[in-house]
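Notebook open, viewer open. I'm going from the whole chain down to single residues.

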Amino acid sequence: MDMKEAMYTRHTVRKYTDQAIPVEIVTLMNQRIDENNRKYNLNIKLVTDDTSAFGVVAKLILAKGIKNYLVLAGPPNKDIDEKLGYCSADLMLYAQTLGLNTWYVGGTYNRKSISKKAGEGRVIGVVAIGYGATQGVPHKSKIPSKVSSYEGDMPDWFKNGIEAALLAPTALNKQAFYITGKGNKVKIICDNGIFTGVDLGIIKYHFELGAGIENFEWVTDF
């Protein structure tokens with residue numbers, strides 16, 4: 001399975017089996033994490049065999065069997081949320097190619113416990129990771145015309161990018177973004193409250209993977 005295929009097979013999974021992640025898979029994940037950390041100056045960590053990411057209530061209702069997770073953290077700056085969102089998208093899809101399931105969690109994790117593990121820096125969430133009790137189901141999605149427009153004849157790469165963006169996990173599944181295209185230039189607007197930066201990074205990653213980054217450039221205005 002490649003990264004594009006992973007976009008279509010990855011769904012949110014909240015319940016996990018007790019199957020341990022093999023050492024070789026942990027090694028591959030850590031290598032991918034290190035690449036992202038070096039490239040974007042982040043401090044993402046993979047924590048294994050630990051159940052402290054969620055409180056008692058969350059474990060009973062939302063998060064069952066989770067003992068492996070990514071801590072999404074990095075030095076505070078104006079675009080840290082977007083960077084962490086972008087890299088979390090990469091890591092979730094990469095995990096899917098390795099046969100793992102994931103769940104991006106932006107609000108219901110144990111902040112005190114996770115902050116201790118992250119050390120200094122800003123924590124924007126965690127990603128539960130492991131072998132799901134199920135493979136999850138596709139989330140409810142808007143139609144392309146509700147989240148995008150293109151000036152002139154819409155090229156296939158733009159259509160593919162929008163399709164990929166709609167597959168991206170967004171906070172509360174709001175899909176609160178709008179993407180416009182003109183020629184080879186693409187602009188994105190996202191407004192999802194405190195989750196805006198993270199959603200922006202996740203959506204950008206998916207759009208790039210679907211459209212092909214060689215086909216366009218991001219702009220802030222036309």
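Before I place any residue in a loop, I need the element names: helices and strands here are DSSP runs, with at least four residues for a helix and at least two for a strand, numbered from the N terminus. With that in hand, aspartate 49 falls in the loop between β1 (45-47) and α3 (56-61). I should also write down that this is a predicted model.

**Entry: the whole chain**

I counted the elements and got eight helices and eight strands. Then I looked up the radius of gyration: 17 Å, close to the 17 Å from the globule rule for 222 residues, so the chain is as compact as a globular protein of that length. Along the principal axes, the C-alpha atoms fill a box of roughly 50 × 35 × 30 Å.

How much of the chain is buried? I get 52% of the 222 residues. For contacts with a separation of 6 or more, 76% are between residues 24 or more positions apart. The accessible surface is about 10,900 Å², and carbon and sulfur atoms hold 53% of that.

Charges next. I have 27 positive and 23 negative side chains, with the centres of the two sets 8 Å apart.

**Entry: the cores**

Background I keep in mind: in soluble globular proteins, nonpolar side chains tend to be buried together. Here the largest nonpolar core has 54 residues, and Met29, Ile179 and Phe207 have the most contacts inside it. Which helix gives the most to this core? It's α4 (residues 80-97), with ten residues.

I clicked on methionine 29 to see its partners. Beyond four places in sequence, methionine 29 touches Leu46, Leu91, Tyr94, Ala95, Leu98, Leu100 and Ile129. Another core of 18 residues lies apart from the largest one, and its members include Val47, Phe54, Trp103 and Ala128.

**Entry: two positive phi values**

I went looking for positive phi outside glycine. Aspartate 49 has phi near 55°. Is aspartate 49 buried or exposed? Its relative accessible area is 63%, and the cut-off for exposed is over 50%, so I log aspartate 49 as exposed.

Asparagine 173 also has phi near 55°, again a positive value in a residue other than glycine. I find asparagine 173 in the loop between α7 (156-165) and β6 (177-182). At 31% relative accessible area, asparagine 173 goes down as partly exposed.

Lysine 174 is in the loop between α7 and β6 as well. Its relative accessibility is 44%, which makes lysine 174 partly exposed. Which residues does lysine 174 touch, leaving out those up to four places away in sequence? I see Lys142 and Asn192. I also took a C-alpha distance: lysine 174 and isoleucine 143 are 31 residues apart in sequence and 13 Å apart in space.

**Entry: valine 13**

Valine 13 sits in the loop between α1 (3-9) and α2 (23-40). Despite the loop address, valine 13 is buried, at 2% relative accessible area. What covers it? I can at least list the contacts: valine 13 touches Asn101, Thr102, Trp103, Gly132, Ala133, Thr134, Gln135 and Gly136, with residues up to four places away left out. Trp103 in that list is also a member of the 18-residue core.

For a long-range pair I tried valine 13 and glutamate 208: 195 residues apart in sequence, 24 Å apart C-alpha to C-alpha.

**Entry: glycine 130**

I moved to strand β4 (residues 122-130), where glycine 130 is located. Glycine 130 has a relative accessible area of 2%, so it counts as buried. Its contacts beyond four places in sequence are Tyr16, Ile21, Leu100 and Asn101. Asn101 turned up for valine 13 too, and Leu100 was on the methionine 29 list.

How far apart in space are glycine 130 and lysine 182? I get 41 Å C-alpha to C-alpha, for 52 residues of sequence.

**Entry: leucine 200**

Last stop is helix α8 (residues 196-211), which holds leucine 200. Leucine 200 is at 15% relative accessible area; the buried cut-off is under 20%, so leucine 200 is buried. Outside its neighbours within four places, leucine 200 is in contact with Glu82, Ile188 and Cys190. The C-alpha atoms of leucine 200 and glycine 85 are 7.1 Å apart in space, though the two are 115 residues apart in sequence.

Terms used:
Residues numbered from 1 in each chain as written. Predicted model: local features only at pLDDT ≥ 70, side-chain atom pairs only at ≥ 80, totals over all residues. Heavy atoms only, no water. Rg over C-alpha atoms; globule rule 2.2 N^0.38 Å. Buried < 20%, exposed > 50% of the residue type's maximum accessible area, 1.4 Å probe, protein only. Contact = heavy atoms within 4.5 Å. Areas by Shrake-Rupley, 256 points an atom, 1.4 Å probe, with all protein chains shown as cover. Lys, Arg positive; Asp, Glu negative; His and termini not counted. Charge placed at Lys NZ, Arg CZ, Asp CG, Glu CD. Core = buried A, V, L, I, M, F, W, Y, C linked by side-chain atoms within 4.5 Å.
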